[in-house]
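Thanks for asking me to look this one over. My notes are below, as numbered points to read alongside the model.

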Amino acid sequence: MRKLPLIIALCLLLAGLAFAMPLFLNSMDDKAALGQQGRSIRIGYAWEPPFALRDEQGRVTGEAPEVARAVLARMGITDIRWVQRDFADLIPELRAGRFDMIASGQFVTPEREALVAFSQPSACVEPALLVHRGNPLGLYSLQDLAARNQARLALLSGAVEADEARQAGVPQERLFFFATVALALRAMDQNLVDALALSGPSISYLAAQRPALERATPFRGGRPISGCAAFAFRLGDGELLDRFNRELGAYIGSPEHLERVAPFGFGRNNLPSFHRE
């Protein structure tokens with residue numbers, strides 16, 4: 001007889017779960033759609049000026065955050081919570097749900113497209129090298145780095161420049177990876193590496209901040225465009241991505257857009273439409 005109350009209790013528990021589950025799923029859907037309803041959104045970024053950085057007042061700025069702000073405002077989203085991470089951690093943490101999108105100048109690559117959903121590109125940029133003042137080793141390309149046995153190259157962990165360096169023939173033992181740009185610059189200051197490979201706007205920005213370093217000019221070899229940067233979303237957030245893309249497409253190339261990104265070294269020649277194959 002004792003089994004009957006137990007069976008009844010179990011049945012009631014299952015009925016309660018069946019009733020509560022749709023409510024729970026709806027609640028999760030509501031949270032996922034929070035940004036789409038114009039309330040708030042969490043954005044991940046990594047410190048890589050001029051794509052993303054904090055100014056002297058602590059405000060997150062740069063090409064990617066400023067474009068994201070403008071586009072999201074057009075969608076009615078003005079409450080943004082910024083989450084800073086190392087560059088290599090951005091995609092894993094986006095996929096884990098710790099933020100809703102990435103605004104950090106990430107290049108679109110086939111490998112990344114298997115993990116996240118990219119928006120339309122916001123900027124296309126050229127490759128570049130940061131070297132010591134006077135360029136004592138004569139490094140004007142990744143091929144130059146490969147040819148000089150003593151040349152050591154700094155790279156940002158998770159960045160596309162590593163694959164390009166390997167393709168140019170730079171051996172693995174002369175590739176040094178850093179979690180942040182600040183650590184790579186410290187290695188250059190201490191003469192632990194001889195060059196840093198990043199995009200043109202990033203290298204120009206860093207060279208302007210450090211008198212002991214300069215951009216290697218002209219940059220030779222490789223592709224004229226190292227990649228196109230875009231915003232990343234989770235693969236399941238199609239509705240948010242579609243809405244973002246509609247507003248982004250109308251914004252990119254507008255006078256307001258060009259004025260907003262000019263302080264970071266981006267101009268009309270960086271517009272994605274200029275680099276379509």
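1. Let me start with Cys124, which is buried in this predicted model. Its relative accessible area is 1%, and a residue counts as buried because that value falls under 20%.

2. What does Cys124 join to? Its partner in a disulfide is Cys228, with an S to S distance of 1.9 Å. The structure holds one disulfide, so you will have a single link of this kind to inspect. Cys124 belongs to strand 7 (residues 123-125) and Cys228 to strand 13 (residues 227-233), so the bond ties together parts that lie 104 residues apart in sequence. The link of Cys124 and Cys228 is right-handed, with 100 degrees about the S-S bond.

3. Next, please have a look at the open sheet. Five strands make it up, in the order 10-9-11-8-12, with mixed pairing. Strand 10 (175-178) and strand 12 (213-215) are the edge strands, each pairing on one side only. On average, and with direction ignored, neighbouring strands of this sheet are turned by 30 degrees against each other.

4. At one edge of the sheet, strand 12 runs antiparallel to strand 8 (residues 127-132), and three bridges join the two. If you want a place to check the register, His132 has Leu213 of strand 12 as its bridge partner.

5. Which helices pack on this sheet? Helix 7 (residues 181-189) does, and so does helix 8 (residues 200-209). Helix 7 touches strand 8, strand 9 (153-156), strand 10, strand 11 (195-199) and strand 12. Helix 8 touches strand 8, strand 11 and strand 12. Relative to the direction of strand 11, that of helix 7 makes about 150 degrees, while that of helix 8 makes about 130 degrees.

6. My last point concerns a helix pair. Helix 2 (residues 63-74) and helix 9 (residues 238-251) have axes that come within 9 Å and cross at roughly 115 degrees. Is the crossing left-handed or right-handed? Helix 2 passes helix 9 in a right-handed crossing. From helix 2, the contact takes in Val67, Ala70, Val71, Leu72 and Arg74; helix 9 brings Phe244, Glu247, Leu248, Ala250 and Tyr251. By class, the residues of this contact between helix 2 and helix 9 are eight nonpolar, no polar and two charged.

Notes. Residues numbered from 1 in each chain as written. Predicted model: local features only at pLDDT ≥ 70, side-chain atom pairs only at ≥ 80, totals over all residues. Heavy atoms only, no water. Disulfide = S-S within 2.5 Å. Helix = DSSP H or I, 4+ residues; strand = E, 2+ residues; numbered from the N terminus. Buried < 20%, exposed > 50% of the residue type's maximum accessible area, 1.4 Å probe, protein only. Pairing = 2+ DSSP bridges. Axes fitted to C-alpha atoms, helices over the stretch in contact; angles between N-to-C directions. Contact = heavy atoms within 4.5 Å. Left-handed = near helix turned anticlockwise from the far one by under 90°. Nonpolar A, V, L, I, M, F, W, Y, C, P; charged D, E, K, R; others polar.
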